[in-house]
Amino acid sequence: MIQIEKLKEIINHYYPMVVTDITPIEPGWAALAYKVYADDGKMFFLKVYDKKRSSIASILDRVPVYLFFIGWLNSDAFLEGKISKLVNTKDDQIKVEDENYLYIIMDYIEGYTVGERNLTQEQIRELAEIIARLHAIVPPKSPYMEPITEKFEHSWLNTFRISLTSQFRLLNQDIQNIVEPYLVSLVDQIDELKHQGEQLSKSEFSFVFCHTDIHNWNMIANEDDIYLIDWEGIKYAPAEADLFGLYNESYFSEFLKYYQKIHPSYQMNMELLRYYMISRHITDLWEGIEQLQFDTLSSDEYNQQLAALKDVCEENAAFINSI
C-alpha cells in the first residue's frame with residue numbers, strides 16, 4: 001500500500017498544486033482512490049493503479065487511450081462538466097507513473113454516489129440526455145479509434161474456458177468451491193458468447209461512442225446535476241453496449257423515452273442486448289477469478305473478493321434463468 005506522504009510528494013512535484021491533505025475513499029475494482037485537498041481550497045480526485053496487479057494489465061494498456069477520450073469528450077459543449085475531467089501535470093501530461101504505480105488526477109465532483117438510491121425524474125432525463133449526446137458525437141481522426149472500436153471478441157475468453165475445464169483443479173480451492181456448482185452453465189455461456197461474437201462481427205451496425213459501464217454506482221449526483229464517471233471501458237460500438245446496463249432498471253422505459261427524443265429512429269436490437277449482458281457477466285467473473293488467483297491480496301481483501309465472486313456467480317445464475 002502506497003503511503004499518503006509519498007502521494008503528497010508525487011503530486012506536489014508533478015502537479016500545479018500544493019497538497020495539504022489526502023484521504024482514502026472507497027476504491028473501484030481497478031484502482032485505489034483518494035480525495036486530495038489543495039491549499040487554495042480546491043479538491044481533486046486521485047486514482048492510483050498498481051502495476052503489480054496482473055488482473056488489471058489490460059486496463060493499464062488502455063489508460064492512455066481512455067484518458068485521450070476523456071480529454072476529447074470534455075471539449076464537447078454539452079458533455080463538459082457532465083463527465084470526469086482530467087487535471088494535467090505541470091508539463092501538460094495526462095498521467096504520472098513510476099516503477100510501481102500509475103497516477104491520474106481529476107476534478108473532484110461534489111455529490112453522492114447514486115448507488116441504491118432511486119433516480120429522480122429530472123435525473124433520469126439528464127442521464128438520458130448525456131448518453132444520447134455521447135451517442136451523437138462524430139468520432140475524431142485519431143489512431144486511438146482503432147483500439148476502442150468494437151470487434152465482438154475477448155482475447156481472454158479461451159483462457160477462461162480452459163481455466164473452467166481442463167485446468168479447473170489448478171485454481172485456488174476457495175475459487176473451486178464457489179464456482180463448481182455453476183461450471184456447466186458458465187462454459188455454455190462462454191461458448192455462446194464466442195459464437196455470438198463471431199456472428200455479430202460479420203454484420204453491419206451503426207457504431208457510437210459508449211461508456212459501456214453505466215450503472216448507479218458510476219453516477220454521482222447532487223441537487224443540480226448528475227455526472228458519469230469511470231470511463232476505462234470507453235468503446236466505439238452499437239448503442240446497446242451502453243443501454244444493456246440500464247435495461248433491467250425500473251426507470252429504463254422513462255430513460256428510453258427521453259433518449260428517443262434525441263434519437264427518434266433508434267430501435268433496440270435484442271440480439272446485441274443479450275450479447276452485451278452475457279459479456280458483462282462473464283467479464284466480471286473472469287476478472288474476479290483472475291484477481292483472486294494471481295494478485296497479492298491482504299487477508300481482508302481476499303475475503304472481500306471471494307464474497308464478491310460468490311455474489312457474481314449467484315447474480316449470473318439468476319440472470320441466465322431469467323432470459
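Student: How many residues does helix α11 have, and what does it reach from its first C-alpha to its last?
Tutor: Helix α11 covers residues 299-322, which is 24 residues, and it reaches 35 Å from first C-alpha to last. That is close to the 34 Å expected at 1.5 Å a residue. Keep in mind that this is a predicted model.

Student: Okay, which residues of α11 are buried?
Tutor: The buried ones are Y302, L306, L309, V312, C313, N316 and F319.

Student: And what covers them?
Tutor: The cover includes α6 (173-179), α7 and α10.

Student: Let's look at α10 then. How many residues does it have?
Tutor: α10 has 25 residues. It reaches 36 Å from its first C-alpha to its last, close to the 36 Å expected at 1.5 Å a residue.

Student: What happens at the start of α10?
Tutor: There, a side-chain oxygen of N269 reaches to within 2.9 Å of the backbone nitrogen of E271.

Student: Switching to the inside of the protein: how many residues are in the largest nonpolar core?
Tutor: That core has 88 residues, and those with the most contacts inside it are Y49, Y66, V179, M219 and F255. Helix α10, residues 270-294, supplies the largest share of this core, with 11 residues. As background, nonpolar side chains in soluble globular proteins tend to be buried together.

Student: What does Y66 touch?
Tutor: Leaving aside residues up to four places away in sequence, Y66 touches K47, Y49, I104, M106, W231, E232 and I234. Apart from the largest core there lies another core, of 19 residues, and I2, M17, V19 and Y103 are among them.

Student: F255 was on that list too. Which residue does it form an aromatic pair with?
Tutor: The whole structure holds 19 aromatic pairs. In one of them F255 is stacked with Y259, at 6.0 Å centre to centre and 20° between the planes. Both residues lie in helix α9 (residues 252-262), 4 residues apart, which is about one turn of the helix.

Student: Are those two buried or exposed?
Tutor: F255 counts as buried at 0% relative accessibility, and Y259 counts as buried at 2%.

Student: What about Y275 and Y276, how are their rings placed?
Tutor: Their centres are 5.2 Å apart and their planes are at 80°, so that pair is edge-to-face. Y275 is buried, with a relative accessible area of 1%, and Y276 is buried at 5%.

Student: Which residues form an aromatic cluster?
Tutor: F68, F69, W72, Y144, F207, F209 and Y236 form one.

Student: New topic, charges. How many salt bridges does the structure hold?
Tutor: There are 21 salt bridges. One of them joins K82 and D225, with the closest N and O atoms 2.8 Å apart. K82 sits in the loop between α2 (57-73) and β4 (96-97), and D225 in the loop between β8 (219-221) and β9 (226-228), so the pair ties together parts that are 143 residues apart in sequence.

Student: Is K82 buried or exposed, and what about D225?
Tutor: K82 is buried, with a relative accessible area of 15%, whereas D225 counts as partly exposed at 21%.

Student: Back to α10 for a sec. Which residue does R274 meet in a salt bridge?
Tutor: R274 meets E192, at 2.5 Å from N to O. R274 lies in helix α10 and E192 in helix α7 (residues 183-200), so this salt bridge ties together parts that are 82 residues apart in sequence. R274 counts as partly exposed at 30% relative accessibility, and E192 counts as partly exposed at 25%. Elsewhere, salt bridges that share partners join K47, D230 and E232 into one network.

Student: Which residue does K151 meet in a salt bridge?
Tutor: K151 pairs with E146, at 3.3 Å from N to O. K151 is partly exposed, at 33% relative accessibility.

Student: Last one, R53. Where is it found?
Tutor: R53 is in the loop between β3 (43-50) and α2. R53 is buried, with a relative accessible area of 15%.

Student: What does the R53 side chain make a polar contact with?
Tutor: With the side chain of D295, at 3.1 Å. Not counting residues up to four places away in sequence, R53 touches W29, A30, A31, Q291 and D295.

Key. Residues numbered from 1 in each chain as written. Predicted model: local features only at pLDDT ≥ 70, side-chain atom pairs only at ≥ 80, totals over all residues. Heavy atoms only, no water. Core = buried A, V, L, I, M, F, W, Y, C linked by side-chain atoms within 4.5 Å. Buried < 20%, exposed > 50% of the residue type's maximum accessible area, 1.4 Å probe, protein only. Helix = DSSP H or I, 4+ residues; strand = E, 2+ residues; numbered from the N terminus. Contact = heavy atoms within 4.5 Å. Expected span 1.5 Å × (residues − 1). Polar contact = N/O pair within 3.5 Å; in protein donor to acceptor, adjacent residues only side chain to side chain. Salt bridge = Lys/Arg side-chain N within 4 Å of Asp/Glu carboxyl O. Phe/Tyr/Trp six-rings, centres within 6.5 Å; stacked < 30°, edge-to-face > 60°.
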